[in-house]
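Colleague: Please take one part of this model and examine it closely, beginning from a single buried position and working outward to the packing around it. I would like the reasoning spelled out wherever a label depends on a cut-off.

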Amino acid sequence: MFDAVIIDVDGTLWDATARAAESWQATCQRLGVPAHHITQERLMKEFGKTLEDIGYSLFPDLPKKESVRILDQCCTDELDYLRANHPDFYPEIREVLSSLASRLPVFIVSNCQAGYIEAMMETAGIEAIITDHLCPGDTGEAKAANLLRLAEKYDLKNAAYVGDTMGDYNAVREAGMYFIFASYGYGSVPEPDAVIDCPRALLDHPEIPE
């Protein structure tokens, strides 16, 4: 049996790409940076990467330090925007997480800025049922290292991670964990350990305690 479930955010719990595109466009326009290419469709391809890599991808003609500065400002502005303009959660997320949390510890690990996971949890009303969460904005480390941090802190021996991109898959493999692919999300993964086509399907995995 799994002793914990660790979950990604973007493409797994909610789809924030439309709201993020709106917010990032507004920030870039305020900074005088072209933003026509920052669309929901483009961000679906970018989310899951580190913020540094997203900055390099969106602003390839700028010096790397400048691209990171712009994306940092986009991310700072985004938190207030998301709280005021709620993204769409995937179906039954609150119910699924509540059911999971009654059976085993539930964690969140995502490649995002500090405060992003908190904004999502506040919007969903799930703060009380998430045991812990980590992101590069909190630790300065990427997803695999943060997974290992949680495993060590909570003595996890058989945790499963739920994500939707190859970046998730690669990080989970590096951390030596079981990978459940959320096929309803943004990406594709050729050889996951298991596949779910909706959040509720996670509850039917045979390694989830009754």
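**From a buried strand residue to the helix packing**

Modeller: A4 has a relative accessibility of 0% and is therefore counted as buried, the limit for that label being under 20% relative accessible area. Everything that follows should be read with the caution that this is a predicted model. A4 belongs to strand β1, which covers residues 4-7. Once its neighbours within four places in sequence are set aside, A4 is in contact with L104, P105 and F107, and also with L156, N158, A159 and A160. Along the chain A4 and E22 are 18 residues apart, yet their C-alpha atoms are separated by 35 Å.

The surroundings of these contacts deserve attention in turn. S102 sits in the loop between α5 (93-101) and β4 (106-109), and with a relative accessibility of 59% S102 is classed as exposed, because that label applies over 50%. S102 and E191 are 89 residues apart in sequence, while 29 Å separates them in space from C-alpha to C-alpha. On the other side of α5, E92 is placed in the loop between β3 (88-89) and α5; the phi angle of E92 is near 65 degrees, which is a positive value in a residue other than glycine. With a relative accessible area of 40%, E92 is partly exposed. A second residue other than glycine with positive phi is D155, at near 55 degrees, and D155 lies in the loop between α8 and β6 (159-163).

The loop that leads from β6 to α9 holds T165. The relative accessibility of T165 is 10%, so this residue counts as buried. If residues up to four places away in sequence are not counted, T165 touches F47 and G48, and it also touches F179, G187 and V189.

The helices on either side of β6 can be taken next. Helix α8 (residues 143-154) packs on helix α9 (residues 166-175) at an angle of about 45 degrees, and their axes are 8 Å apart. The two helices are therefore oblique to each other, and the crossing of α8 past α9 is right-handed. On the α8 side the contact is formed by K143, A144, L147 and L148, and on the α9 side by D168, A171, V172, E174 and A175. By class, the residues of this contact comprise 6 nonpolar and 3 charged, with no polar ones.

A further pairing is that of helix α1 (residues 17-31) with helix α4 (residues 64-84), whose axes come within 9 Å of each other and cross at roughly 130 degrees. That angle makes α1 oblique to α4, and their crossing is right-handed. From α1 the residues R19, A20, E22, S23, W24, T27, C28, R30 and L31 take part, meeting I70, L71, Q73, C74, C75, D77, E78, Y81 and L82 of α4. Sorted by class, the residues of the contact of α1 with α4 are 10 nonpolar, 3 polar and 5 charged.

The helix α4 also packs with helix α6 (residues 116-124), here at an angle of about 5 degrees and with the axes 10 Å apart. Because angles under 35 degrees are given that label, α4 is roughly parallel to α6. In this contact E78, L79, L82 and R83 of α4 meet Y116, E118, A119, E122 and T123 of α6. The residues involved divide into 4 nonpolar, 1 polar and 4 charged. E78 and L82 of α4 thus appear in the contact with α1 as well as in the contact with α6.

The nonpolar interior completes the picture. The largest nonpolar core has 55 residues, and among them W24, L100 and M120 touch the most other members. Leaving out residues up to four places away in sequence, M120 touches V9, L13, W14, F89, I108 and I126. Apart from that core lies another one, of 18 residues, which includes L134, L147, Y161 and F179. Two residues named earlier return here: W24, which is one of the α1 residues meeting α4, and L147, which is one of the α8 residues in the contact with α9. F179, one of the residues touched by T165, is also listed in the core of 18 residues.

Technical notes. Residues are numbered from 1 along each chain as its sequence is written. This is a predicted model: local features need pLDDT of at least 70, side-chain atom pairs count only at pLDDT 80 or more; totals for chains, interfaces and linings use all residues. Side-chain values use heavy atoms; hydrogens and water are left out. A nonpolar core is a set of buried Ala, Val, Leu, Ile, Met, Phe, Trp, Tyr and Cys residues joined through side-chain atoms within 4.5 Å. Buried means under 20% relative accessible area, exposed over 50%, partly exposed in between (1.4 Å probe, protein chains only). Contact means heavy atoms within 4.5 Å. Axes are lines fitted to C-alpha atoms, for helices over the stretch in contact, and angles run from 0 to 180 degrees between N-to-C directions. Helices (H or I, at least four residues) and strands (E, at least two) are DSSP runs, numbered from the N terminus. Angles under 35 degrees count as roughly parallel, over 145 as roughly antiparallel, 65 to 115 as roughly perpendicular and the rest as oblique. A crossing is left-handed if the near helix is turned anticlockwise from the far one by less than a right angle, and right-handed if clockwise. Ala, Val, Leu, Ile, Met, Phe, Trp, Tyr, Cys and Pro count as nonpolar, Asp, Glu, Lys and Arg as charged, and the others, Gly among them, as polar.
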